[in-house]
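The following exercises concern strand pairing, helix packing, a chain contact and a nonpolar core. Please work through each task before reading its solution.

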Amino acid sequence: MIKDIATKNNPPISGRERKFSRLLLFFEDVIKIPLFRCQRCGECILSSTAFICSQNCPKRMRNGPCGGTRQDGSCEVYPDRKCVWYKIYYRSKLLKRISPLYDIKKIHNWNLEHTSAWLNVFKKRIEAPKWFVHKDKQKVKAIISNDPER
Amino acid sequence: MTLKDKIASDRFIVCAEIGPPQSCDGDVIREKSKHFKGYVDAVNITDNQTAVVRLSSIASAKILLDEGLEPIMQMTCRDRNRLAIQSDLLGAAALGIHNVLCLTGDYPTFGDQPEAKGVFDLDSIQLIATVAKMNSGFLLSDHEMNKAPEFLIGAAANPFAPPFEMRIIRLYKKVEAGAHFIQTQPVFDLEIFTRWMERITYLGLHKKTAILAGVMAVKSAKTLILMQKKVPGVKIDKQYIERMKAASDPEEEGVKIALEIIKILKEIKGVRGIHLMPYLWESITPTIVREAGLSIIS
C-alpha cells in the first residue's frame, strides 16, 4: 500500500499568499500557456510527462491514458484530437524519459487550482520538478526487476 | 468459498456481468441472475455503464447478494468525487459487498445525457490506492476507522488500445496501487493479447494479481461491426467478423467463437480465469460454461 496518495493542503494557503500567487501566476502563464497549453492546475507534473500538459485530457488523467484511446491514437471524447497520453508516451520515448511514467501521481488537490505551481514547489506542497532524467533505461530496468518474487 | 479464497487458490475463475435496468425494477436483475447461479464465481454489476443512468450498482449488488450470488460492484470516478466514493464504499461494505472493481468511467458525452459534468476527481489508479488505504483502516483524510472494510480490489485493463507499452505501465501501476485482480476488455485479437500476457509474465505481474481475460459472445456480425466502430479501444480480428457474416446460424457461430477463444486463453501462461460478457445475451452463459468444461465449486 502507498501511504501518501493525496496532495494535502499543507501548509494551508493564506489570503495574502493567494494574492502573491496570482502575481507569480501571471509570469508562469506567459511561459506555460503558449508552450504547454497549461491548464493551471497548480500541481505541475510537466517534468514527468515529457513536457506535455496531461491536464488537457478531458478526464484530466494524471496517471496515464484511459482505456479509450482509439487505434489511430485519437481521443475517445474528441476524435479530431490525439490522445494526450499517446503524445506523452511517444515524446517520453524520444526524450528518454520513460521512467517517470512509472510513478503513481498523487490525487489532485483542487484547492491549488489557479495558483502558482512554482510557489507551491517552494512551499513544499508539491514535488519539485525533475529537470533531467539520467540513465532512463537502467532506471526502468531497476523498477521492473525490483521484484523479489521474479 | 468467496472470490478472495478462489483467487488465493489455484482455481480457474469465471466471472460474468449484469447491466442493471434503466428503471427501479429490481426483478430484472433477479431474472438475469438466474442464468448465472451455479455457473459463475462472481458477477460484475456495472455502474451507469456508458454514462447512461441505471439502477445504482450498490443496490443491484445487494439484490444479487440476496439471490445468493457473489457480486463485484463496479465503481467509477465519473459520477462521484472522493467524498461520495468513500462513503459509497463504506455503505457497500456495511451491506456485505466485498468486491469492488475500480474504473475511471466513460466520459458523459457517450451517454444519453451528454450535458452532464464528468467529475473525475480521482482516476482508476488513485481509486485503487484509495480502496487499499481504506482496507488498511484509514480514510483519505487519515481518519482512523473503528472497523476497516475488507475489499477485494479489482481493476480493468485494455491491452488493445495504443500505445502498447503504456498499457503495461498502467497495469504495473495498478498492481503497485493494490489491485488483487484484473479484468481485461473482450479478447477478439489473440495475437496482441498473447504478446501482452508475455510482457506481463515477464514482469512477474501475473503472480501479484489474478488476470481474468474478457470473453464476449455476440449474436450477430452487426454487433461486432458496431462495437469496432462505436466502442473506442476495442480491436476485433477481421476473421471473426467474416466468420459471423458467413455463418448460416450466427448465434451458433458466436458461441463457437467464444468457446474457441476460451480454449486458447486457458492455455496462455498467467491467465487465471475469464470474464464473460455475453452482449445482451445472459441466457447463453450456462451453455458456454458447460461446453468450455468449466466447473464451479460454490
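**Exercise 1.** Determine how many bridges join strand E7 to strand E8 of chain B, and place this pair in its sheet.

*Solution.* Strands are DSSP runs of E with at least two residues, numbered from the N terminus, and helices are runs of H or I with at least four. Two strands pair if DSSP finds at least two bridges between them. E7(B) (residues 210-215) and E8(B) (residues 271-276) run parallel and are joined by five bridges. Within E8(B), B:Ile274 is the bridge partner of B:Ala213. The sheet is a closed barrel of eight strands with parallel pairing, in the order E1-E2-E3-E4-E5-E6-E7-E8 (chain B). On average, neighbouring strands of this sheet are turned by 30 degrees against each other, direction ignored.

The model is predicted: local features need pLDDT of at least 70 and side-chain atom pairs pLDDT 80 or more, while totals for chains, interfaces and linings use all residues. Residues are numbered from 1 along each chain as its sequence is written, with chains lettered from A and ligands numbered from 1 in the order written.

**Exercise 2.** Identify the strands that helix H3 of chain B lies across.

*Solution.* H3(B) (residues 57-66) lies across E2(B) (42-45) and E3(B) (71-76), running at about 175 degrees to E3(B). Axes are lines fitted to C-alpha atoms, for helices over the stretch in contact, with angles from 0 to 180 degrees between N-to-C directions. Contact requires C-beta atoms, placed from the backbone, within 7 Å.

**Exercise 3.** State what each chain gives to the contact.

*Solution.* Chain A gives 33 residues and chain B gives 36 residues. On the side of chain A, helix H2 (residues 84-95) gives the most, with four residues.

Notes
Contact = placed C-beta atoms within 7 Å.
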